[in-house]
Amino acid sequence: MRELAQTAQLSRRSLLKAGALAGGGLFLSVTLPGMAQAATGGGAAELNAFVSIAPDGVITIVSKNPEIGQGIKTMLPMLIAEELDADWDQVKIVGSDYHPTKYGFQFAGGSMSTPMNWLPMRQAGAAARQMLLEAAALEWGVAPAGLRTSKSTITDPASGRTMTYGQVASSAAKSKVPDLAKVPLKDEKDFVIIGRAIGGIDSPKIVRGEPIFGVDTQLPGMKYAAFERAPVFGARLRSADLEAAKAVPGVEDVFVIEGGDNPAELVDGVAIVAGNWWIANKAREKLKIDWDTGEWASHSSANYDAQAKKLWAEPPKDTIVEEGDVSAAFAGAAKVIEAEYHYPFLAHVPMEPQNCTALVKEDGSVEMWAPTQMPQSGHQGVAKMLGVPGEKVTVHITRMGGGFGRRLTNDFMHQAAAIAARKKGTPIQLIWSREDDLRSDFYRPAGWHKFRAAIDAEGKLTGLEDHFVTFSTKGEIPMFAQMGPKVFPAGYVPNLKYTVSQMESRVPMGALRAPQSNALSYVFQSFLDEVAAEQGSDLPTLLLSLLRGKPDEPMQRGFGGESPGFSPKRAIGVIEKAMQMADWSTPAAEGRAKGFGFYFSHNGYFAEVVEASLSRSRQPVVHHVWAAGDVGKHIINPHGALNQIEGSIIDGIGQALGLAVKIEGGAVQQSNFHDYPLPRMPVTPTIDVEFVKSDNPPTGLGEPALPPVVPALTNALHALTGKRVRSLPIDRKLFA
Amino acid sequence: MPTKLTINGETRELDVPDDMPLLWALRGELGMVGTKFGCGVGLCGACTVHVDGVATRSCSTPVSSLAGKQVSTIESLAESPVGRALQQAWLDADVMQCGYCQAGQLMNATALLAKNPSPASDEITSAMAGNICRCACYKRIHAAIAEVAANGVSADA
Ligand code: FES
Ligand code: FES
């Protein structure tokens, strides 16, 4: 539950550069060294901010982080503009290309942007404001301390004189550059931009259908490509007959791409190039490819399930954590309960299918237009694959039609570049079909948990065991298929043991929104609900009894720097809030029932209550969700924040109600939205959200609202029917 | 044989294979990329356009079936008062997250309100059920449509 906690603390050494804009005005760049370790394991990365103020008063802020719909392109500039005391209507936000030395760490994922940028972006704004003030003070012959600013205007209260930022910007370029660590920040109660509901900066373009997404990229002479890869994971291309596809009218070229066995880079396949993507894609039907599937064609979900049961019967391969004396707790138990849980592979299916546009020029240099959440690794990977130095590869980051973690892996960038390298001088736009996207994902790993709980004669939970069965790839458990030693309730039950066993698979696995937490919340919060029921209690009461009186955990190191440890106090705050919002102690209306779920992930605390019923055809229906969240003391942009929470809740409900990726013959069985039925408007419940504002720096909202809704729903269904949902998606036959 | 049709008020002649869907003619041949590809098989609504005023999935509509028809796309949505009102309501409610599905949502909502200017809440829900939003902005999409339905649309909006 806490292994992915990441907040960056500010480094003391920061670098502020200021100067004059070419056409007059002030330019400011802030560099904060050693902010974050690149997620790819690289060295210290930098975090930069760019602000310029032109003589006409227009303030341009470069928003450098990839936009996947999480609202970052609007949110980061709000932080700068707040401390700058800018007139928001004069703020112009521009996106940036990927540039390793200029912009430093550019990344969308892990709900990390908010905590990493909270302090430095405001400091950058405050520094710019100070330089403007000093220039105005010099001109008026007064002390800067007496001057006031508001909405891009400086006022001298003594004389009543005013000056706009635009008027003073050019002379401000000569002001002394302030010490970033010492520049005074606003009293937070004076915030006028932070906390204001501000619409997405690109929204006007979106409602007009303007070309802003990756797949909208259009270049002179551009051709389209489709890519056929092995349906079976781990398979290699033995031979291919391309003639029939080449003969399709409109097809311009068909060739084999030789890859390796790392699905995150380039895999074997056949590329088809045409002037229209539909023609290229359709010609795939004519390909005759002989794949060497090796042993992998025998893999299936049913097989994995059988293996998991076999592994449960054997001693676990490893211990994740052991606290207290578990055998003694079970030996002395008045009651022991056991349950087996399972959740499936899930796909990301962002609405914009994977795509990438690449141009390899005659001189070998490369230009790419990539909807990627992780431009860094794509840039490095492509440079390495093509054998060109990094500075010869330019990556333009486009807006993305959703990410959810899928675009942290840049296989599509490798494919586009490899195809473009064969068509030098011609821009190539690679587009995947929805079928490609569902079948070539990096899936949320499936998992199996066998729980045991010991309850003593007084009804206390004294012992807990989980034997977790997961996957390995080439002998190693992939990062997002792991479970950490601190997953709740570790540390809060006196005798506790988590163990793990793994089986080999070639199904690619990766991070899906709230990675690990999206699955672990379901199994742990459901099993704790079973324990509470056995105690004659309920889940929030059990949680509160485990958490009350416990101290906050110490700071810990994550890959974004140091972050505060888990705080039982904040957990209690949201649990009590959700109980109150949902009127927890009052039973639901006739035919309905409420269920509870709590989770801590990505530094955010969320407790949620779901009210559900069964339809006349005995299908689960969610009517109402109450969500209480603690993500620190400020909600920077309430619009974006609520949108993320509502989306996360519906996303989680959709997963529980109907989503699973199944493997058969080593390949994914699902192909499109008919058998991967994402939630639609009729699924949408009433959603009430409240924030518990604790005195902590704000943290991100892309993920933490999702995990608790899944167990809250399954627990509600238990309250309603007495049936436990021990496997996802919810098997509707359970209630027939 | 080339197909002659009207797109956003302009007469166009498309010389493409008979079975090429309108979506790919718009995006690939005409450079009109506002209409989006989401599933390609009529399941998500991202590609919704109007054909003679009726919301239609352009990914599943061959160009050759459109001879003589009037097609309108997101690029011309602002020309209709209902479309304009919905665009504004979308911005006022800050409907979108990634925004990718929203062209299709807006086109479908416009067709709904053109046919039924004051739909009940559940009529909005069932009319919009064919449009997937992966970011699940459904609450706000519903609210924005209800807002326009409640306030009505003046011809000069
Ligand atoms: S792309 Fe046409 S319905 Fe999905
Ligand atoms: S806003 Fe992202 S798919 Fe609808």
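Okay, chain B first: the domain assignment splits this chain into domain 1, residues 3–74, and domain 2, residues 76–150. Keep in mind that this is a predicted model. The contact draws on 17 residues from domain 1 of chain B and 13 residues from domain 2 of chain B. Centre to centre, going by C-alpha atoms, those two domains of chain B sit 20 Å apart.

So how much area do domain 1 and domain 2 of chain B bury between them? About 1,300 Å², with 57% of that on carbon and sulfur atoms. On the domain 1 side, B:Lys36, B:His50 and B:Ile74 lose the most area to domain 2, and together they make up 39% of what that side buries. As for salt bridges between the two domains of chain B, the count is zero.

Now to helix α5 of chain B, residues 138–151. With 14 residues at 1.5 Å a residue, α5 should span 20 Å, and its end C-alpha atoms are 20 Å apart, so the two agree. Quite a few residues of α5(B) are buried, including B:Tyr138, B:Arg140, B:His142 and B:Val148. What do the buried residues of α5(B) pack against? In chain B, that's α2 (81–92), α3 (102–115) and α4 (121–128), and from chain A there's α15 (638–658). Just after α5(B), B:Gly152 has a positive phi, about 70°.

Last bit, over on chain A. An unreviewed UniProt entry annotates residues 208–295 of chain A as "domain: Aldehyde oxidase/xanthine dehydrogenase a/b hammerhead". In the model, that span is 35% strand and 11% helix, and its end C-alpha atoms lie 51 Å apart.

How values were computed. Residues numbered from 1 in each chain as written. Chains lettered and ligands numbered in written order. Predicted model: local features only at pLDDT ≥ 70, side-chain atom pairs only at ≥ 80, totals over all residues. Heavy atoms only, no water. UniProt positions renumbered as here; feature names shortened; annotations may be inferred. Helix = DSSP H or I, 4+ residues; strand = E, 2+ residues; numbered from the N terminus. Expected span 1.5 Å × (residues − 1). Buried < 20%, exposed > 50% of the residue type's maximum accessible area, 1.4 Å probe, protein only. Contact = heavy atoms within 4.5 Å. Domains from an automatic or database assignment. Buried area = accessible area lost by both parts, 1.4 Å probe. Salt bridge = Lys/Arg side-chain N within 4 Å of Asp/Glu carboxyl O.
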